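Subject: Structure handover

Hello,

Here is the structure for you to look over. My notes on cavities and on one helix follow it.

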Amino acid sequence: MDNETNKRLPEISHPEVWTLALHLSGSELKYAASSRVEDESLTFGAVKLNGNEGKFVAEVESAVYDNPFFLSQFGQTSILVDSDKFLVIPDEMTAGCPEECRRYFNYIFHADHELMAVDRIEETGVSIAYSIDREIDSFLRRTFYNPPILHSLTPLLRFLAKKEKFGTNGKTYAFLDKDCLRIIAFKSNRLVYANSFRFSNNDDAFYYVMNAWNACEMTNDSDELYLSGDKALKTYLLPNIREHIKFAAQMIFPADMLRLGKDVMTAPFDLLTLQQ
């Protein structure tokens, strides 16, 4: 495995005023960091992982220890993780109680012995229950100073709930990465869909977006779809989607994020939401 990042990491003299956000998936460790007191300080990139079964924990450890930048004493560190097993559970079913979330999670996945975490997202009235590898969880918590560890959908849900004005019309958001997309939809000011998908070609990504749109019973009369993320994938998807959906467009990039740096619009959006 190549433990070097795909960009040269900066040397920072006062990490205590910096924020670090990490996103650990099966194939890479993405990062974004910025100063809370200096504009245009954003740095971001990724460390590739092989994802070999039985060696994944060692790969993650090497990715962190071989890049001392990650071990700086940042003022704030947040970590996102992916999980093949997760549930988005409305508060009406659990009242936000973690033990109730575990009961539903175990019933669906029969995962009584797995480590389960719960993210409460009050802004949308749901909780996300998900499994996380025990060794990975232990490594992250002992290596970084008291980091919040979150499911990768959580910051996007919180961002949309705080920043967007939904109204009564439906809005679907697709956050695009090179091999993964996350889809979130609202109707009548309520969350109705949140899921993530891995894909190997652009046609699969198109299918997942259209399937989510139809599953939510969105209509062309007034409902809207917005794309954010990977430029090449957006360029492919938008004209194809517009053949089926009247109101499809790129998501307007938040103006308050532009201060982070000139390359901010190409950075991972989920990690940018954690720089705020």
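First, a term: contact, or packing, means heavy atoms within 4.5 Å. The model is predicted, so local features need pLDDT of at least 70 and side-chain atom pairs count only at pLDDT 80 or more, while totals for chains, interfaces and linings use all residues. Residues are numbered from 1 along each chain as its sequence is written, and side-chain values use heavy atoms, with hydrogens and water left out.

Helix 7
Helices (H or I, at least four residues) and strands (E, at least two) are DSSP runs, numbered from the N terminus. Helix 7 covers residues 231-242, 12 residues in all. From first C-alpha to last it reaches 17 Å, close to the 16 Å expected at 1.5 Å a residue (1.5 Å times one less than the number of residues).

Buried means under 20% relative accessible area and exposed over 50%, with partly exposed in between (1.4 Å probe, protein chains only). L233, K234, L237, L238 and I241 of helix 7 are buried. Seen down the helix axis, they fall within an arc of 120°, so they line one face. The arc is that of the directions from the axis to the C-beta atoms. A232 and T235 are exposed on the other side. The buried residues pack against strand 9 (171-176), helix 6 (202-215), strand 12 (224-229) and strand 13 (248-250).

D177
D177 sits in the loop between strand 9 and strand 10. D177 is buried, at 17% relative accessible area. Neighbours within four places in sequence aside, D177 contacts K30, F199, D230 and L233. L233 is also one of the buried residues of helix 7.

Cavities
A cavity is a set of points, on a 1 Å grid over the protein atoms alone, where a 1.4 Å probe fits but cannot get out; lining residues have an atom within 4 Å of a point. Points join across faces, edges and corners, and a volume is the space filled by probe spheres set on them. Two cavities are of 30 Å³ or more.

The largest has a volume of about 50 Å³. Its lining includes K30, D82, D177 and R198. Strand 2 (28-35) and strand 10 (180-187) each give two or more residues. The lining divides into one nonpolar, three polar and seven charged.

The second largest has a volume of about 30 Å³. L22, L24, L29, V60, V64, I79, L140 and F144 line it. The split there is eight nonpolar, no polar and no charged. (Nonpolar: Ala, Val, Leu, Ile, Met, Phe, Trp, Tyr, Cys, Pro; charged: Asp, Glu, Lys, Arg; polar: the others, Gly among them.)

Best wishes

Terms used:
1 Å grid on protein atoms, 1.4 Å probe; cavity = no way out; pocket = protein on both sides within 12 Å on 5 of 7 lines; lining within 4 Å.
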